Amino acid sequence: MEKVLDLKKLFHPRSVALIGVSNEQNKLSGRPFRFFREYGYTGNVYPVNPKYQEISGVPCFAKLSDIPSEVDLAVITLPAFAVPQALEECGVKGVKAAAIISSGFAEVGVEGERLQDELQRIASANEIAVCGPNCSGFVYFPEKVTATFSVGLDAGFPETGPAAFISQSGALSSYILGAAKARGLAFRYWITTGNECALSFTDYLQYVLEDPEVRLVLGYLEDARDGEAFHAAARRALVLGKPLIIMKTG
């Protein structure tokens, strides 16, 4: 029987490790660190990069295993070739959720497909809920979990509200995130799925529908990989009385 991944630590982490973090906080690998600190996340944030001893006054660890406390979520921004080992180290550490922002996987050809297959194997073996790879990450607004590099947050942090947004397009997602602040849109979840090596669009949909605070789900969908599961989730939205608005392309 297929294991059902627990998404709670993805969206409700008490601690976050930023693996491959940069001290240049406008770079892709530095922006998540800046957002976690700037927008008020209250959990522990652990930068991980052997190049630095500290970043902006926060101690930086050479390896994930050097962190003395438990870690719930890893945000990985390493080059693609280094990501499988990082995810393996997450398994050893007991990290149960990861956002892999790095690109260079199935979207680039045979070698990328091999790397992504390895990520899928590691995630399955260690029961790690993986967002991505090749994604823009996600935001859980009530707890200021900003596991993203999106420029959509540069204009400020949007209001928290009853809508969830799930997208298979990173570019459109960033536009929506930026528009949220400008137009007063209030979200509870903002999720980009990337290459979906572990979690699919439907997995996120099933999860957010069961959040009693979510009253509306918006989505951008190119491909529902399990049509039967997607139909079941859509029927569940109907039962719950939660409008489901999907832009379907392709």
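**Terms.** Helices, runs of H or I with at least four residues, and strands, runs of E with at least two, are taken from DSSP and numbered from the N terminus. I note at the start that the model is predicted.

**Entry 1, Lys 144.** I looked up Lys 144 and found this residue in the loop between S8 and strand S9 (145-148). Its phi is near 55°, a positive value in a residue other than glycine. Most residues other than glycine have a negative phi. I then checked burial: Lys 144 has 25% relative accessibility, so it counts as partly exposed, since that class lies between 20% and 50%.

**Entry 2, Glu 196.** I found another positive phi, about 60°, at Glu 196, which is not a glycine either. Glu 196 sits in the loop between strand S11 (187-192) and H6. Is this residue buried or exposed? Glu 196 counts as buried, because its relative accessibility is 8% and the cut-off for buried is under 20%.

**Entry 3, the loop between S7 and S8.** I looked at the peptide bond between Gly 132 and Pro 133 and noted that it is cis, with omega about 0°. Most peptide bonds are trans. Pro 133 belongs to the loop that runs between strand S7 (129-131) and strand S8 (137-140). Ser 136 is in the loop between S7 and S8 as well. At 7% relative accessibility, I list Ser 136 as buried. Setting aside residues up to four places away in sequence, I find Ser 136 touching Ala 147, Thr 148, Phe 149, Gly 170, Trp 190 and Thr 192.

**Entry 4, Phe 36.** I placed Phe 36 in helix H2 (residues 31-38). Phe 36 has 1% relative accessibility and therefore counts as buried. Which residues is Phe 36 in contact with, leaving aside neighbours within four places in sequence? I list Val 16, Leu 18, Tyr 41, Val 45, Val 75, Lys 144, Val 145, Thr 146 and Ala 147. Lys 144, the residue of my opening entry, is thus one of the contacts of Phe 36. I also looked up a distance: 22 Å separates the C-alpha atoms of Phe 36 and Val 208, which are 172 residues apart along the chain.

**Entry 5, the nonpolar cores.** The largest nonpolar core has 42 residues, and I noted those that touch the most other members: Leu 10, Phe 11, Phe 36, Leu 73, Phe 138 and Tyr 204. Helix H6 (residues 201-209) gives the most to this core, 5 residues. Apart from this core I found another, of 26 residues, including Val 48, Ile 67, Val 95 and Phe 105.

**Entry 6, H6 and Tyr 204.** I went through H6 and found Phe 201, Thr 202, Tyr 204, Leu 205, Val 208 and Leu 209 buried. Seen down the helix axis, the buried residues of H6 fall within an arc of 160°, so they line one face of the helix. For Tyr 204, not counting residues up to four places away in sequence, I list contacts that include Leu 7, Leu 10, Phe 11, Val 130, Cys 131, Gly 132 and Ile 166. Gly 132, on one side of the cis bond, is thus touched by Tyr 204.

**Entry 7, the second largest pocket.** I looked up its volume, about 380 Å³. Among its 22 lining residues, Ile 19, Gly 20, Asn 49, Pro 50 and Leu 78 are the closest to the centre. Which helix gives the most to the lining? The answer is H3 (residues 83-93), with 3 residues. I sorted the lining into 11 nonpolar, 6 polar and 5 charged residues.

Key. Residues are numbered from 1 along each chain as its sequence is written. This is a predicted model: local features need pLDDT of at least 70, side-chain atom pairs count only at pLDDT 80 or more; totals for chains, interfaces and linings use all residues. Side-chain values use heavy atoms; hydrogens and water are left out. A nonpolar core is a set of buried Ala, Val, Leu, Ile, Met, Phe, Trp, Tyr and Cys residues joined through side-chain atoms within 4.5 Å. Buried means under 20% relative accessible area, exposed over 50%, partly exposed in between (1.4 Å probe, protein chains only). Contact means heavy atoms within 4.5 Å. The arc is that of the directions from the helix axis to the C-beta atoms. On a 1 Å grid over the protein atoms alone, a cavity is a set of points where a 1.4 Å probe fits but cannot get out, and a pocket is an open set with protein on both sides within 12 Å along at least five of seven lines; lining residues have an atom within 4 Å of a point. Grid points are joined across faces, edges and corners, and a volume is the space filled by probe spheres set on the points. Ala, Val, Leu, Ile, Met, Phe, Trp, Tyr, Cys and Pro count as nonpolar, Asp, Glu, Lys and Arg as charged, and the others, Gly among them, as polar.
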